[in-house]
Amino acid sequence: MSRKTILSGIQPSGKLHIGNYFGAMRQHIQMQEEDADSYYFIANYHSLTSLNDGKQLYQNTIDVTLDYLALGLDPDKAVFFAQSDVPQVTELAWMLGTLCPVSLMEKGVSYKDKIAAGLSPNVGLFTYPILQAADILIYHSDIVPVGEDQKQNIEIARDLAGKFNRAYNGEYLRIPEDHILKSVAVVPGTDGRKMSKSYGNIIPLFEEGKALKKIIMSVQTDSKGLEEPKDPDSDNVFALIKLFASDEKQKEIADQYRAGGFGYGHAKLELLSLVESYFEEAREKRRNLEKDINYVKDVLREGGGKARECAESVMEPIREVTGIIRSF
Ligand code: ADP
Ligand code: TRP
């Protein structure tokens, strides 16, 4: 059995938050230790479907790169790159689009969700899963660690790989396994809904000081007074505390909730200090990396080179079988 390839991506459409970390990034960083070829990329073409501010997109891309490196992504262990450094991916996306029935896109739940959340119904958003399929298929990925919300997009990638192979009668694209990360439940935002950039309820990963305190103090709770006993299991602050605290610390805080005399303000201060210490090392690392943006760009350049090489080796036979001429 040959070595497996693991691939995943994240959009640079805004500041990354602790939901992204516990729901996706942490697992990506852990998986780089596996005996496999790992590819992690920043899906900047995908972000164009919702962000049309060049300076902002560029800055977000650098910021996400800094975040990943600070949190422990190691460019010697994983190929780490920007989607746009592999132009072959848009080439393959076009080809897959020519084989994709409109009805397959019409069933897309994430398109409908995004429109409902107020995004403009552009064609890029509609065909988003085709570009995602190209991302996955162009590196012959076996395993694509993503959260539950991406399940349908992985199915579409599997579907399109099959359609391509049947249309051209060969094993040109590898069908990935469906691997959904189940390790973390949905992380709640400050208003109790799913934490999401599009809901304005995030705790950004690298916020600190007063700004972080202000956000944490704004987490919504019920209106029980200081003295009243409280139920940790139905509280947002405690749901967030659980992500950061050791089992022992969780139990200690849960007991205080139940005993009464422990207000939500106290719980929030506990959360604040847990968040601060959890990301302390990463913050320090990020501050140092920020001073060396050339290094950060070198990481992307090098990762992009490796990813391109792999993508080109997959595209060459595909151009040949589809009859697409290249005169350069
Ligand atoms: P957002 O909703 O903030 O726009 P994305 O859709 O870009 O986040 O998600 C990027 C990754 O982070 C996905 O793999 C997704 O499953 C994960 N993720 C996002 N929000 C959460 C959350 N609140 N809880 C757990 N995982 C999340
Ligand atoms: N759609 C993914 C998200 O919003 C990002 C993404 C783009 C992706 N291309 C991918 C994830 C390929 C995994 C594989 O989180």
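**Figure 1. Polar atoms of Tyr128 and Gln150 beside the nitrogen atoms of ligand 2 in the predicted model.** In Tyr128, a polar side-chain atom is placed 2.7 Å from a nitrogen atom of ligand 2. Gln150 likewise offers a polar side-chain atom, here 3.0 Å from a nitrogen atom of the ligand. On the oxygen side, the side chain of Gln11 has an N or O atom 3.5 Å from an oxygen atom of ligand 2. The protein buries 89% of the 370 Å² that ligand 2 exposes when taken alone.

**Figure 2. The residues around ligand 2.** There are 14 residues around this ligand. Those that come nearest are His46, Tyr128, Gln132, Asp135 and Gln150. Two of these five, Tyr128 and Gln150, also appear in the preceding view.

**Figure 3. Polar atoms of Gly19, Asn20 and Lys194 beside ligand 1.** For Gly19 the backbone is involved: one of its N or O atoms lies 3.2 Å from a nitrogen atom of ligand 1. The side chain of Asn20 places an N or O atom 3.1 Å from an oxygen atom of the ligand. For the side chain of Lys194, the corresponding distance to an oxygen atom of ligand 1 is 3.4 Å. Ligand 1 alone exposes 540 Å², and 86% of that area is buried by the protein.

**Figure 4. The shell of residues around ligand 1.** Ligand 1 has 13 residues around it, of which His17, Asp149, Val187, Ser196 and Lys197 come nearest. By class, the shell consists of four nonpolar, six polar and three charged residues.

**Figure 5. The contact between domain 1 and domain 2.** The domain assignment places residues 4–187 and 293–322 in domain 1, and residues 207–278 in domain 2. Taken over C-alpha atoms, the centres of the two domains are 35 Å apart. Six residues of domain 1 and five residues of domain 2 take part in the contact. About 440 Å² is buried between the domains, and carbon and sulfur atoms give 76% of this area. Of the area that domain 1 buries against domain 2, Ile18, Phe22 and Val187 supply 70%, more than any other three residues. Val187 is also among the residues that come nearest to ligand 1.

**Figure 6. The salt bridge between Lys15 and Glu207.** The closest N and O atoms of this pair are 3.8 Å apart. One salt bridge is found across the interface of domain 1 and domain 2, whereas the number of residue pairs in polar contact there, with both at pLDDT 80 or more, is zero. The side of domain 1 that touches domain 2 comprises four nonpolar and two charged residues, with no polar ones.

Conventions: Residues are numbered from 1 along each chain as its sequence is written. Chains are lettered from A and ligands numbered from 1 in the order in which they are written. Side-chain values use heavy atoms; hydrogens and water are left out. A residue is near a molecule or strand if one of its heavy atoms lies within 4 Å of it. A polar contact is a pair of N or O atoms within 3.5 Å; within protein, one must be able to donate a hydrogen and the other to accept it, and residues adjacent in sequence count only if both atoms are side-chain atoms. Accessible areas come from the Shrake-Rupley method with a 1.4 Å probe; for residues, only the protein chains shown count as cover. Ala, Val, Leu, Ile, Met, Phe, Trp, Tyr, Cys and Pro count as nonpolar, Asp, Glu, Lys and Arg as charged, and the others, Gly among them, as polar. Domain bounds come from an automatic or database domain assignment. Contact means heavy atoms within 4.5 Å. Buried area is the accessible area (1.4 Å probe) that two parts lose on being put together, summed over both. A salt bridge is a side-chain nitrogen of Lys or Arg within 4 Å of a carboxyl oxygen of Asp or Glu.
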